[in-house]
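Me: I would like to learn how to read interfaces and domains in a model like this one. Can we go through it feature by feature?

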Amino acid sequence: MDLLEYQGKQLLADAGVPTPAGDHANTVDDAVAVADRIGYPVAIKAQVQVGGRGKAGGIKVAGNSEEAREHASGILGMDIKGHTVLRLWIEPAAEIAAEFYASFTGMVSAEGGVEIEEVAAANPDAIARVHIDPMLGFHPYHATNLVYRGGIPAEHRRGVSEVLTQMFAAFESLDAELLEVNPLIVTTSGDVVALDAKVTLDENAEFRQELERFREIFATDPQERAAKEKGLNYIKLQGQVGVIGNGAGLVMSTLDVVAQAGGKAANFLDVGGGASAEFIANSLEVVSSDPQVKSILVNIFGGITRGEEVANGIVAALDEVDIPQPIVVRLDGTNAAEGRQILGDNPKPNLHSATTMLEAAAEAVRLAQGA
Amino acid sequence: MAIYVDANTKVVVSGLTGKEGRFHALRNRAYGTQVVAGVTPGKGGQDVEGIPVFDTIAEAVKETGANTSLVFVPPRFATDACYEAADANVDLIVCITEGIPVHDEAPLYSYLRYRDVPMIGPNCPGVLTPGVANVGIMPTEIATPGRVGLVSRSGTLTYQVVHELTQKGIGQSTCVGIGGDPFIGQFHIDVARRFNDDPDTDAIVMIGEIGGDEEERCAAFIAAHVDKPVFGYVAGFEAPPGKKMGHAGAIISGSKGTAQAKAEALEEAGVAVGRNPSEVAELAAARM
C-alpha cells in the first residue's frame, strides 16, 4: 500500500523522525487558509502516489496568499504521470543547507532531491549501501558506514546517524516494504529533517497494523475503483483486449501473448487461486464496463481453481449482466473438461472457446479489431 | 534421483487438519507420496484418514522419520511452523502459504541460510517429481516423467509450460515452483545448481518474471557453471513500471527488473529464450 507523502511523514513523526509541521487541503480555499495559518513562505505540494512531483511542477513555494492561491489552483487537478492531484500538503518552506537521500533497505547519497536512479547511473560512488541482516537489525556500525561512505559532512554525521536509526525502527515496526526520504535535509540552523516521505506498507501485515485509515480509494478510473470495491486484483492498461486469468505469471504472460498477436491488453486481472463463480462474474462485469474493451479473453489454467467454477461464473455473468463484447474462453487444468461441458451446454452468441493460449489470444485480438 | 523430492521423501504436514492441508495432503498421498504425519498443536493422537497427527514437528519427525515439512498454516503462523521444522532437522521445507508479511519472511530467510535448510516458497505451488512424489498443490495429471527440469516463480505459468512439454512428448525430472514473494528460500540459481548436478536431468527450463534481479544473477551463474542446455521464458513484457503485477515481488522499479533486461541477460548467457510458453516448450522439444 503506497501512502501519500503526508501520511508517511505522520508515521515518521510518530517514530521520532523530525518532519515539518503542516496540514492537508482538498480545495484551493482550504489550501490558502492553511498557508495563511502556517505563515509564509510555504511549500505547496501535490499529494499523489508517484515520484517525480517536483519535476512535474507539483511542488511550489508561495510567499503570500495570492501566490498560495495561484499555486494551489494550478496544482489541484493536475495530472502527474497518470495520477490526478486531489489533495495538497502545505508546510513551512524549509531553509535547506544540504540535501541527502535515505532509503531502507538502506541507501544514503550526497545528492538529494533528484531521482535516485539517475544518481545511481551517473555517479554510483555517491550512494552508500549497507546490507542489514534482518536477524541482527540496524546497528551503530551500519549508520557509521552509511554516513562516512555516503559523504555526509562531519558536522551532520551524528544527526543523520540518529535519523537513520529512527527510520530503521519505523521501517520494522510499521511493516514497511519501502521507507524512503528524499530529500533528507539539514536546515540552515543545523537540524536534520525529513522533507519528504515515500512509504509503502505491507498489506499482508494487516493483522497487526492499522491500515484501514490509509485505505482511501484514490483511483479516479471507474474500473479501478469498481475493482477495488470488489476486491479484484486489477490494473488498467491501454489496449482493447480485456484480460482475465488465474495466477500472476499466467496473466502477465497472457498480456504478452496478446501483444504478440498484434493487439494490446486493456487490463491485468488475476483472479488468483480457487476463484468462485461469483468472483469470475464480478471480474467479467468490471472488465466489460470499460468502454475501451472490444473483446475479453479469459485464460484459466486450473490448479486450485476449478474449471466448472469458472464456467459457471461466465454463464452466470452472461445471464445477469449485459456483456456486449465477445468473450474468448480458454480452459485447461483441473476439471477443465467439466467446465467446457458447461459452456457447451449454455451456448451464447458472444461466447467463443479456444483450445490453446495462443489461439485464444489470436481470436480475441481478431474480434477486438473487427469490432 | 530428481531434486528436492524423490522416493525417499517422507512428508510431515503442518496444518493437516485444516481444509487446504487435508485436501492437498490426501491428494499428494494418492499420487504415491509418503505423507507420514501431520502436525496441529492440541490435536496430537488424532489422525486424518490414517495419517497420524502430532502436537509438534519434532515429535512427528521422531516417531515417523519424516524428512520434509509441508506448510499449509495461515500467514500469521506460517513462519513459526517453518522455524519449527528447521529446528526439528528436516531436510527440506515447502511452504505453500500465501500472504506472509515481508518482515516475517526476511529473518526466516536469513535463519534458514545460516542453518543451511533449503525452503521452497513461501507463496509457491511446491515441488513435483512426476511419477514419484508431489509435495504441494500442483495438478499432477499434466506432468509426465522425463528428463527436463523446470523452475518457475509462478504456479499457473509452471502448469502451462509443463502441459505444453507433456503434449510435445517431453517429460519432466522435477518441477519446482519457487514462489512469487521477494524473500523465498530457494532462488532460480539454487534450483539451477541442483538441476545441473542431477544425473537424471538433461536440460533445464527456467521461467522468470518481472521484478528484482534474480534472473540476471541466475544468468551469470548459468554462463559460468551450467553445462546443460537451458531454455528460458520471462513473463511481463507488457507490464507497466511501478505496478505490482499480482505477485509481491513482480514490480518494475524505475528501469530495473524489466522482462526485456532479463530476457537479454539470459540470452547473453547462452539460454535459448522463447517469447511465450509454447515457444519455450518448442525450443526444448527441438533439442531433446
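Reply: We take the chain contact, then the domains, then two single residues. Keep in mind that this is a predicted model.

Me: How should I read the size of an interface, and how much area do chain A and chain B bury between them?

Reply: The size of an interface is often given as the accessible area lost when the parts come together. Here chain A and chain B bury about 3,500 Å² between them. Carbon and sulfur atoms carry 58% of that area.

Me: How many residues does each chain bring to the contact?

Reply: Chain A brings 42 residues and chain B brings 47 residues.

Me: What about charge pairing: how many salt bridges are found across the interface of chain A and chain B?

Reply: The rule finds two salt bridges there. One salt bridge joins B:Asp104 to A:Arg208, with the closest N and O atoms 3.0 Å apart. For polar contacts, the count between the two chains is 16 residue pairs, both residues at pLDDT 80 or more.

Me: Which elements of chain A supply at least two residues each to the side that touches chain B?

Reply: Both helices and strands do. The helices are helix 6 (157–173), helix 8 (248–260) and helix 12 (357–370). The strands are strand 10 (176–187), strand 13 (233–236), strand 15 (267–270), strand 16 (295–302) and strand 17 (327–333). Helix 8 of chain A gives the most, with ten residues. By class, this side of chain A divides into 19 nonpolar, ten polar and 13 charged residues.

Me: Now the domains. How is chain A divided?

Reply: Read the residue ranges with care, as a domain may be written in two pieces. Domain 1 of chain A is 1–20 + 95–216. Domain 2 is 21–93, and domain 3 is 222–370.

Me: How far apart are the centres of domain 1 and domain 2 of chain A, and how many residues are in contact?

Reply: The centres, taken over C-alpha atoms, are separated by 23 Å. In the contact, 14 residues of domain 1 of chain A meet 16 residues of domain 2 of chain A. The two domains bury about 1,300 Å² between them, 42% of it on carbon and sulfur atoms. In domain 1, A:Glu5, A:Tyr6 and A:Pro20 lose the most area to domain 2, together 43% of what that side buries.

Me: What polar features link domain 1 and domain 2 of chain A?

Reply: The count is four salt bridges. One of the salt bridges pairs A:Arg53 with A:Glu5, at 2.7 Å from N to O. Nine residue pairs are in polar contact across this interface, both residues at pLDDT 80 or more. Helix 1 (residues 5–14) of chain A gives the most to the domain 1 side, with three residues. That side has five nonpolar, one polar and eight charged residues.

Me: Let me try chain B. What are its domains, and how far apart are their centres?

Reply: The domain assignment gives domain 1 (10–120) and domain 2 (142–287). Their centres, taken over C-alpha atoms, are 26 Å apart. The contact takes eight residues from domain 1 of chain B and twelve residues from domain 2 of chain B. About 960 Å² is buried between these domains, 59% of it on carbon and sulfur atoms.

Me: How many salt bridges and polar pairs span that boundary in chain B?

Reply: The rule finds one salt bridge between domain 1 and domain 2 of chain B. B:Arg113 and B:Asp190 meet in a salt bridge through their side chains, 3.0 Å from N to O. Three residue pairs are in polar contact, both residues at pLDDT 80 or more. On the domain 1 side, helix 4 (102–115) and strand 7 (119–120) of chain B each supply at least two residues. Helix 4 gives the most, with five residues. By class, that side has six nonpolar, no polar and two charged residues.

Me: Last, single residues. Is B:Lys262 buried or exposed?

Reply: Look at relative accessibility, where buried means under 20%. B:Lys262 is at 0%, so this lysine counts as buried. B:Lys262 lies in helix 8 (residues 259–268) of chain B. Its side chain reaches the backbone oxygen of B:Gly211 at 3.0 Å. Leaving out residues up to four places away in sequence, B:Lys262 touches several residues, among them B:Arg153, B:Glu209, B:Asp213 and B:Val234.

Me: And where is A:Gly150?

Reply: A:Gly150 sits in the loop between helix 5 (140–149) and helix 6 of chain A. Its relative accessible area is 4%, so A:Gly150 is buried. A:Asn204 is 54 residues from A:Gly150 along the chain, and their C-alpha atoms are separated by 33 Å.

Methods: Residues are numbered from 1 along each chain as its sequence is written. Chains are lettered from A and ligands numbered from 1 in the order in which they are written. This is a predicted model: local features need pLDDT of at least 70, side-chain atom pairs count only at pLDDT 80 or more; totals for chains, interfaces and linings use all residues. Side-chain values use heavy atoms; hydrogens and water are left out. Contact means heavy atoms within 4.5 Å. Buried area is the accessible area (1.4 Å probe) that two parts lose on being put together, summed over both. A polar contact is a pair of N or O atoms within 3.5 Å; within protein, one must be able to donate a hydrogen and the other to accept it, and residues adjacent in sequence count only if both atoms are side-chain atoms. Helices (H or I, at least four residues) and strands (E, at least two) are DSSP runs, numbered from the N terminus. Ala, Val, Leu, Ile, Met, Phe, Trp, Tyr, Cys and Pro count as nonpolar, Asp, Glu, Lys and Arg as charged, and the others, Gly among them, as polar. Buried means under 20% relative accessible area, exposed over 50%, partly exposed in between (1.4 Å probe, protein chains only). Domain bounds come from an automatic or database domain assignment.
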